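Open the structure in your viewer and keep the selection tool at hand. Each stop below says what to select next and what is there.

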Amino acid sequence: MENLNEESIKNILKDIKDLNVNKSIIETGTLSNIIITKDLISIILVIKHDKTLYDNLVKQCEKKLNDFNDLIKYNIVLTTEKSNSNAKKESHIKDGIKPEKVKHIIAVASGKGGVGKSTLTTNLAMSLINKNFKIGILDADIYGPSQPRMLGIKDEKPIQNQNGKITTVDKYGIKCMSIGLLIDEEKPMIWRGPMVQGALEQLIKDVDWGELDILFVDMPPGTGDVQLTMSQRVSLSGAIIVSTPQDIALIDARKGLNMFKKVNVPIIGIIENMSYYQCPNCNDKTMLFGHGGAKITALDMNVPYLGEVPLDIEIRINSDNGEPDKIFSKGNKKSIPFDKISDNIIDFIKKSSNEKENEPIIIFE
Ligand code: ADP
């Protein structure tokens, strides 16, 4: 893998013909992009007709790559050209709320609570900080804000700076704002619809986020009004859906996905959390809640699958104790699943920063 670059992959594939027009896939522009990450090569092919007409082309690509080196890990992604609905999507994004120096706002959502949405948000933020990205987390889960606990900043209080903006509370390099930092946890709050919307908008507009590559929004669970207004009012680059592998959780995940699709927010992909349990003594994997449901749902709904995170006692304890840095301490393999997923998020933001003209629709592995 180390010696491969875009040019060498292009060379391997250059003689493949699109039999629909009998020209090479370079000539026709069908081979639109090659994305090489640490352990995966993605070949992006633009298709103009029904995908079944490209079965032969996909097989030719697979053969060439396997013949070259059968250890290469790759996926072949068929994409369609930019549609009008994408153009609509961009205009919606331009109108939304976004702090000036924040490059991307990404919603982390789940159809229901308790699937690990906040845990994943914190640990993915840690992973990206380690890769030198500037990261913030807005904890928009007004009904059960957990970021102050997960980042170990429960007792900190934001202040108002000279410019009248509220300061974030920073920990491990992550800038955080949460309703949990502003209100007294002991006093019950009654949230009414417009109040919620106002509060969330304020947390984006009136907070001094500074310069950020990604601002993750840890969304409240479900697909109610809060989520809908958030997706419509805020300029989201995309949404990540977290689910556990069971059918029931995936039904909720589908609802979440459909909500974002309806309001034209790009889906970055699905993550399967608590995907399996690996015995620390014998290394045997147990599929406590089944396994692979999220991947199948992703394929079925034509959205990317970002990866899986195991059910792990160390993840639970360190996240709940506000010490995610322990998972990311040198040599700790527990960080690997998060690092793989954050690579996929980086690919997404790179592509959307380049204003890629294509939208992935099918992934072959
Ligand atoms: P949500 O934000 O979806 O409501 P949380 O992130 O608060 O869910 O997670 C619920 C509980 O599950 C927390 O105690 C958290 O530590 C635990 N948890 C989440 N993901 C994992 C995991 N992969 N392994 C072990 N425990 C986890």
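Select Val169 together with Cys176 in strand S10: the two residues are bridge partners. The model you are looking at is predicted.

Now widen the selection to strand S9, residues 169–171. S9 is joined to S10 by three bridges, and the two strands run antiparallel. Together S9 and S10 make a hairpin, with two residues between the strands. One residue to pick in the turn is Tyr172, which has a positive phi of about 55°.

Next, show strand S7, residues 135–139. S7 and S10 run parallel, joined by four bridges. To see how these strands line up, select Leu138, which stands opposite Met177 in S10.

Stay with S10 and colour its residues, 174–178. Which residues point one way from S10, and which the other way? Ile174, Cys176 and Ser178 point one way, while Lys175 and Met177 point the other, and all are buried. Since five of the five residues of S10 are buried, the strand is largely enclosed by the rest of the structure.

**The ligand**

Move to the ligand and display the 19 residues around it. Those that come nearest are Gly116, Lys117, Ser118, Thr119 and Arg316. Four elements give two or more residues to this shell: helix H4 (117–130), strand S14 (267–278), strand S16 (305–311) and helix H11 (313–320). Which of them gives the most? H11 does, with four residues. If you colour the shell by class, you get six nonpolar, nine polar and four charged residues.

**Helix H11**

Select H11 and look along its axis. Ile315, Asn318 and Ser319 are buried. These residues cover an arc of only 100° around the axis, so they sit on the same side of H11. The other side of the helix has Ile313, Ile317 and Asp320, which are exposed. To see what the buried residues of H11 pack against, show H4 and helix H5 (147–150). Then step past the end of H11 to Gly322, where phi is positive, near 75°.

**Pro337**

Select Pro337, in helix H12, which covers residues 336–353. Is Pro337 buried or exposed? A residue counts as buried if 20 or more other C-beta atoms lie within 10 Å of its own. Pro337 has 22 within that distance, so it is buried.

Add Val309 to the selection. Pro337 and Val309 are 28 residues apart along the chain, yet 5.6 Å separates their C-alpha atoms. Leaving aside neighbours within four places in sequence, the contacts of Pro337 are Gly307, Glu308, Val309 and Pro310.

**Three asparagines**

Go to Asn22, in the loop between strand S1 (17–18) and strand S2 (23–24). Asn22 is not a glycine, but its phi is positive, about 55°. With 8 other C-beta atoms within 10 Å, Asn22 is exposed.

The next stop is Asn302, in the loop between helix H10 (293–300) and S16. Here too phi is positive in a residue other than glycine, with a value near 55°. Asn302 has 13 other C-beta atoms within 10 Å and is partly exposed.

Then select Asn258, in helix H9, residues 247–262. Asn258 is partly exposed, with 13 other C-beta atoms within 10 Å. Add Met301: in sequence Asn258 and Met301 are 43 residues apart, but from C-alpha to C-alpha the distance is 9.3 Å.

**The whole chain**

Clear the selection and view everything. The protein has 12 helices and 17 strands. Of its 365 residues, 38% count as buried. Among contacts with a separation of 6 or more, 77% are between residues 24 or more positions apart.

Finally, colour by pLDDT. The mean for the protein is 84, and 87% of the residues reach 70 or more. Where does pLDDT stay under 50? One such stretch is residues 82–92, for which the model has eight contacts beyond four places in sequence. Another is residues 356–365, where pLDDT is below 50 and the model has 30 contacts beyond near neighbours in sequence. Where pLDDT is low, the predicted coordinates should not be read in detail.

Notes: Residues numbered from 1 in each chain as written. Predicted model: local features only at pLDDT ≥ 70, side-chain atom pairs only at ≥ 80, totals over all residues. Near = placed C-beta within 6 Å. Nonpolar A, V, L, I, M, F, W, Y, C, P; charged D, E, K, R; others polar. Buried ≥ 20, exposed ≤ 12 C-beta atoms within 10 Å, placed from the backbone. Pairing = 2+ DSSP bridges. Contact = placed C-beta atoms within 7 Å. pLDDT = per-residue confidence, 0-100. Arc of directions from axis to C-beta.
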